[in-house]
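Open the model in your viewer and keep the sequence panel beside it. We will go from the whole chain down to one residue.

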Amino acid sequence: MKRIALFPGSFDPFTKGHEDIVLRGLSLFDEIIIAVGYNSTKSKRYFEIDLMITKINETFKEYPSISVQTYAELTAEFAKKNNAKFLLRGLRNTTDFEYENSISQVNKHLNANLESVFLITSPQLASISSSIIREVHKYKGIVSDFLPYSL
Ligand code: ADP
């Protein structure tokens, strides 16, 4: 049976940090679905979801086992619908850990067949965060060093 992982997130925007987690995840999973969600607490996006889908597809066009989808429901439910038994997430620091710890417990409760798998960030990418990129972009700073595609 295929090992399918869902990599859920807001990806507002998708960064080199995210790309790194996906590519490293390929050694663990047969298929990775990048799931761009409308996070209810961050419902207003900065980068259009359609633009992000196009850019993510462009980034992984050489990788048939990586796909991208949008979703607006519980991650645990969306995983079930896609036969994904794993949730792939990245960890940069203790703040990420605190958040990921509780969210993975809830996801496990909602879907007992779902295992969360965490990859520790690559040190050179640890400081990249979507929120900082949004801030830099808003004030016309150059963000291309942090993104695996050009805007
Ligand atoms: P969310 O809105 O669910 O927090 P994000 O789009 O911010 O989603 O991030 C998705 C996942 O990628 C999270 O697990 C986050 O910790 C991880 N991540 C974000 N930036 C990096 C990075 N630079 N290195 C490794 N993991 C990262």
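Accessible areas here come from the Shrake-Rupley method with a 1.4 Å probe. Keep in mind that this is a predicted model.

**Stop 1: the surface.** Show the surface of the whole chain. About 8700 Å² is exposed. Carbon and sulfur atoms supply 53% of that area. Now think of the inside: of the 151 residues, 43% count as buried.

**Stop 2: the overall shape.** Switch to a C-alpha trace. The C-alpha atoms fill a box of roughly 45 × 35 × 30 Å along the principal axes. The radius of gyration is 15 Å, which agrees with the value near 15 Å for a compact globule of 151 residues.

**Stop 3: the fold.** Go to cartoon view and color by secondary structure. You should find five helices and five strands. Walk from the N terminus: the order is β-α-β-α-β-α-β-α-β-α. Next, turn on contacts. Among those with a separation of 6 or more, 78% join residues 24 or more positions apart.

**Stop 4: the charges.** Select Lys and Arg, then Asp and Glu. The chain carries 18 positive and 17 negative charges. Their mean positions lie 2 Å apart.

**Stop 5: Ser129.** Select strand E5 (115-120) and helix H5 (130-138); Ser129 sits in the loop between them. Is Ser129 buried or exposed? Its relative accessibility is 13%, so Ser129 counts as buried; the cut-off is under 20%. Now show side chains and add Ile132 to the selection. The Ser129 side chain reaches the backbone nitrogen of Ile132 at 3.2 Å.

Key: Residues are numbered from 1 along each chain as its sequence is written. This is a predicted model: local features need pLDDT of at least 70, side-chain atom pairs count only at pLDDT 80 or more; totals for chains, interfaces and linings use all residues. Side-chain values use heavy atoms; hydrogens and water are left out. Helices (H or I, at least four residues) and strands (E, at least two) are DSSP runs, numbered from the N terminus. The radius of gyration is taken over C-alpha atoms; the globule rule is 2.2 Å times the number of residues to the power 0.38. Buried means under 20% relative accessible area, exposed over 50%, partly exposed in between (1.4 Å probe, protein chains only). Contact means heavy atoms within 4.5 Å. Lys and Arg count as positive and Asp and Glu as negative; His and the chain ends are not counted. The place of a charge is taken as NZ of Lys, CZ of Arg, CG of Asp or CD of Glu. A polar contact is a pair of N or O atoms within 3.5 Å; within protein, one must be able to donate a hydrogen and the other to accept it, and residues adjacent in sequence count only if both atoms are side-chain atoms.
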